[in-house]
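Thanks for coming. I have one model to go through today, and I will keep it short.

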Amino acid sequence: MKRTISVLAVLLCMVLFRVIPAPAGLTASAMQVLGIFTGALILWMTISIDWPSMLVLAALVTVPELTMNSVLAASLGNSTVALMCPLPLDPGGCAPTRSCVTEPYLWRSPS
């Protein structure tokens, strides 16, 4: 129940920030982006980080100044994401159980 309320509140936040009058110096699109990231922070803290991040990408496409190509290029096209993609493929790559620092004999070549 708490999860459903949290998700509904965040979706409402993401939508309503677009219609809230912007203070001086902000545009309606800037208010929409603030609402999207405010909702993302709430979801990241209360639920998880995986699907709310994809929701943010989808919501950013609704901002008039942003296109699907620009959002994907700025997020998934980043070199950090490209670096992190192969990590789940190597089961020992994410959480090594042995290292050359804690077990110096690993430095020796096999004889």
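I will take a loop residue, then a helix, then a residue in another helix. Please keep in mind that this is a predicted model.

Start with Arg18. Arg18 sits in the loop that links α1, residues 2-16, to α2, residues 28-46. Is Arg18 buried, exposed or partly exposed? Its relative accessible area is 32%, and because buried means under 20% and exposed over 50%, Arg18 counts as partly exposed. If you set aside the neighbours within four places in sequence, Arg18 contacts Ala28, Ser29, Gln32 and Pro64. As for Leu34, it is 16 residues from Arg18 along the chain, and the two C-alpha atoms are 9.0 Å apart.

Now α2 itself. With 19 residues at 1.5 Å a residue, α2 should span 27 Å. The C-alpha atoms at its ends are 27 Å apart, so the expected span and the model agree.

Which residues of α2 are buried? They are Ser29, Met31, Gln32, Gly35, Ile36, Gly39, Ala40 and Leu43. Ser29 and Gln32 are on that list, and both are also in contact with Arg18. The cover over the buried residues of α2 includes α1 and also α3, residues 50-60.

Last, Ser75. Ser75 belongs to helix α4, which covers residues 68-75. The relative accessible area of Ser75 is 18%, and since the cut-off for buried is under 20%, Ser75 is classed as buried. A polar atom of the Ser75 side chain lies 2.8 Å from the backbone oxygen of Val71.

That is what I have; questions are welcome.

Notes: Residues numbered from 1 in each chain as written. Predicted model: local features only at pLDDT ≥ 70, side-chain atom pairs only at ≥ 80, totals over all residues. Heavy atoms only, no water. Helix = DSSP H or I, 4+ residues; strand = E, 2+ residues; numbered from the N terminus. Buried < 20%, exposed > 50% of the residue type's maximum accessible area, 1.4 Å probe, protein only. Contact = heavy atoms within 4.5 Å. Expected span 1.5 Å × (residues − 1). Polar contact = N/O pair within 3.5 Å; in protein donor to acceptor, adjacent residues only side chain to side chain.
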